[in-house]
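I opened my notebook to go through this structure piece by piece. Strands, helices and internal space are what I want to look up.

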Amino acid sequence: MAAQLDRPIRIVALSVPLANAADVAAWIGAPHVFNFAPAVRPVPLDIRIHSSSILHFASRMAALVAPTFRAVSESPSAIVFVATRKQCRDVAAELLARGDFGGEGAAAQVCDDRALAECLKRGVGYYHAAMSKEDRRAVVALFAAGRVRVLVAAREACWELDSVSAQTVVIMGAERFVGQEHRYVDYAVPEILQMMGRASSSSKAECVLMCMESKREFFKKFLFEPLPVESRLDAQLHDLMNAEVVAKTIESKQDAVDYLTWSFLYRRLPQNPNYYGLQGTSHQQLSDYLSELIESTLGDLAAAKCVTVDDDEEAEEEGAVVPTNLGMIAAYYQISYLTVEMFALSLGPKTKLRGVLDIVSAADEFDTLLPIRHREDAVLARIASRLPVPLPKTDDGGWLSARKRVHLLLQAHFSRLSLPPDLAADQAWVLGRVLPLLQALVDVASSMGWLAPALAAMELSQMVVQAVWEGRDPLVKQVPHLGDDEQRLALCKQMQVETVFDVMDMEDADRARLLDGLGAGQVAQVAAYVNRYPNLEVAYELKDREVEAAAPVTVVLTIEREEDGMVGDVGAPFFPVPRPAEGWWIVVASQQTLLAVKRVAAVGARLDTKVEFAAPETVGLNSLK
């Protein structure tokens, strides 16, 4: 960027001690670099490694409870990092079974979780992502104030606990289960360093790392000696290359090769050729490696129909790379090219709602990132028995498939089922990522001209936001508290109240009868939702009254909102992540052919817009909708 802009760019880079800090500094253009040894800290850190030869993970964790208790009982404050959220609760209970850690009974009054409250009374707390924000905030405050001596935290929480520190940090096992790979893997080095960084006090700090005996020498090396940083760009190149092609930063194969010469990967290739699979470090070998990497990457993107590559030697520019519609969709929504390819291959002109649910559940983003835990089969099977749509079958018939879990979590959301804390956290994570995928799926279907799957994806996105089943649940179930119990829904049916507008039009006496039993605050929530429910009027006209077959057509639309309608985030009480902003799709179709689709943001008092599309090829009267 600095070379292209012809102006210096200031970069402040902070890191742990590196064996190749000079390479990193030269890559970012830093003229001065300070690289301290791992032992240099404001407070000296005493690191102890406790190893175990027990191979079975659960048995090893049980055996590590005793040394963990000894380590934390001798310290005025301690943080214990464990692999899973369930282990947080189990280890806290095991520590308290061996002794008390002080604590104050009043601390329990600030937490909703009864099990957590009992632990806090005796000086031990736990922290993981499945807890409510209020409980997490309370536990951190109590630990920081010294009212809780021991904090048991899940592995992924190490990045959230920057505001707290302890004299002692115990890393209880350095492995976690990865369901996608059906095996246990070591914690990432940055995670362990982040956990160690929580060990800090005014006079003394210590860290106890508990690991397998076979990993002892490895951990000794990276804890006491700086390690080099290597590039992983070669393994993550496809989506980056697609985005740069869409942005027109890369327009040919040669541009792609030139692009890589500015990367840290190019700087590290001659320094550590064996790591990247090079046979040598000559200029020709480096050039061949980069050319082969670009060829394979662009070949994969072309096979996925995200780009087109012109290899015609007689062309104006040999090796020209042009983005396709699928590539632009992937780049716009920042999703994997594999996901877009799967959408295009799986969708059909008659795909319905259930098919769209199956397709979006199989997205690559879920397959690689969704947590897969052990020993949840019984719980998941009980939840599955309460769902209306059968789950997709897997090769092993088990629950190690991310696709099957996502399918279950989405259906549980539509059915408004209560889930255990771990699964509720997984569900919130899925819901936070599924809307962009559904929007991308709408664009893929519209690029094919298929109306049915596009409308199904739109309906599914509305189901995600409102936590209702399309066609199964009455629309009035969207209103807060009206869908909380079957008796009130039965009363709605008896009073012929099916939509939100029916609630608006009710007589005061009938509305009071319907809301009988709700508190004042709940009634206020019902009123707020109903009053802000959008009521739009749409008017349209053709820009040109005479249209030729297959010729461009422009429709001018005027969308007006009722005067007292409020604009803002969507009213979605069951959507667990930050509420999505209001948005609308404008769809133009002829029979089952989608001619145009346009997404517009929230409509204020009035919105004037236009939609352009190609007229049907059939001469005569065509009915569009």
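Entry: the hairpin. I looked up strand 13 (residues 583–590) and strand 14 (residues 593–601) in this predicted model. The two run antiparallel and are joined by 8 bridges. I checked one pair: Ala589 stands opposite Leu594 in strand 14. How many residues lie between strand 13 and strand 14? I found 2, and the two strands form a hairpin. In the turn, Gln591 has a positive phi of about 55 degrees.

Entry: the antiparallel sheet. Next I took the open sheet with the order 11-12-15. It has 3 strands, and the pairing is antiparallel. Which strands stand at the edges? They are strand 11 (536–542) and strand 15 (606–614). Each has a single partner strand, so one side of each has no neighbour in the sheet. On average, neighbouring strands here are turned by 25 degrees against each other, direction ignored. I then followed strand 11 to strand 12 (residues 552–561): they pair in the antiparallel sense over 7 bridges. Leu542 stands opposite Val555 in strand 12.

Entry: the parallel sheet. I traced an open sheet of 6 strands in the order 1-8-5-2-4-3. Its pairing is parallel. Strand 1 (45–52) and strand 3 (124–127) are the edge strands, and each pairs on one side only. The average turn between neighbouring strands of this sheet is 15 degrees, direction ignored. Strand 5 (residues 168–172) runs parallel to strand 8, with 5 bridges joining them. Met172 stands opposite Met210 in strand 8. I also noted helix 4 (residues 65–73), which packs on the sheet. Helix 4 touches strand 1, strand 2 (78–82), strand 4 (150–154), strand 5 and strand 8. The direction of helix 4 makes about 170 degrees with that of strand 5.

Entry: the cavity. I searched for enclosed space and found 1 cavity of 30 Å³ or more. About 50 Å³ of space lies in the largest cavity. Which residues line it? I listed Phe57, Arg60, Met61, Gly173, Ala174, Glu175, Asp186, Met210, Cys211, Met212, Lys215 and Phe219. Met210 is thus in this lining and is also the residue that Met172 stands opposite. Helix 3 (57–63) and strand 8 (205–212) each supply at least two residues of the lining. By class, the lining has 7 nonpolar, 1 polar and 4 charged residues.

Entry: helix 10 on helix 14. I looked at helix 10 (residues 237–246) against helix 14 (residues 325–333). They pack at an angle of about 105 degrees, with axes 9 Å apart. Angles of 65 to 115 degrees count as roughly perpendicular, so helix 10 is roughly perpendicular to helix 14. Asn242, Ala243 and Val246 in helix 10 meet Gly327, Met328, Ala330 and Ala331 in helix 14. I sorted the contact residues: 5 nonpolar, 2 polar and no charged.

Entry: helix 16 on helix 21. Last, I compared helix 16 (residues 353–361) and helix 21 (residues 451–466). Their axes come within 9 Å and cross at roughly 70 degrees. That makes helix 16 roughly perpendicular to helix 21. From helix 16, Leu353, Val356, Leu357 and Val360 take part. They meet Pro453, Ala456, Ala457, Glu459, Leu460 and Met463 in helix 21. This contact has 9 nonpolar, no polar and 1 charged residues.

How values were computed
Residues are numbered from 1 along each chain as its sequence is written. This is a predicted model: local features need pLDDT of at least 70, side-chain atom pairs count only at pLDDT 80 or more; totals for chains, interfaces and linings use all residues. Side-chain values use heavy atoms; hydrogens and water are left out. Axes are lines fitted to C-alpha atoms, for helices over the stretch in contact, and angles run from 0 to 180 degrees between N-to-C directions. Helices (H or I, at least four residues) and strands (E, at least two) are DSSP runs, numbered from the N terminus. Angles under 35 degrees count as roughly parallel, over 145 as roughly antiparallel, 65 to 115 as roughly perpendicular and the rest as oblique. Contact means heavy atoms within 4.5 Å. Ala, Val, Leu, Ile, Met, Phe, Trp, Tyr, Cys and Pro count as nonpolar, Asp, Glu, Lys and Arg as charged, and the others, Gly among them, as polar. Two strands pair if DSSP finds at least two bridges between them. On a 1 Å grid over the protein atoms alone, a cavity is a set of points where a 1.4 Å probe fits but cannot get out, and a pocket is an open set with protein on both sides within 12 Å along at least five of seven lines; lining residues have an atom within 4 Å of a point. Grid points are joined across faces, edges and corners, and a volume is the space filled by probe spheres set on the points.
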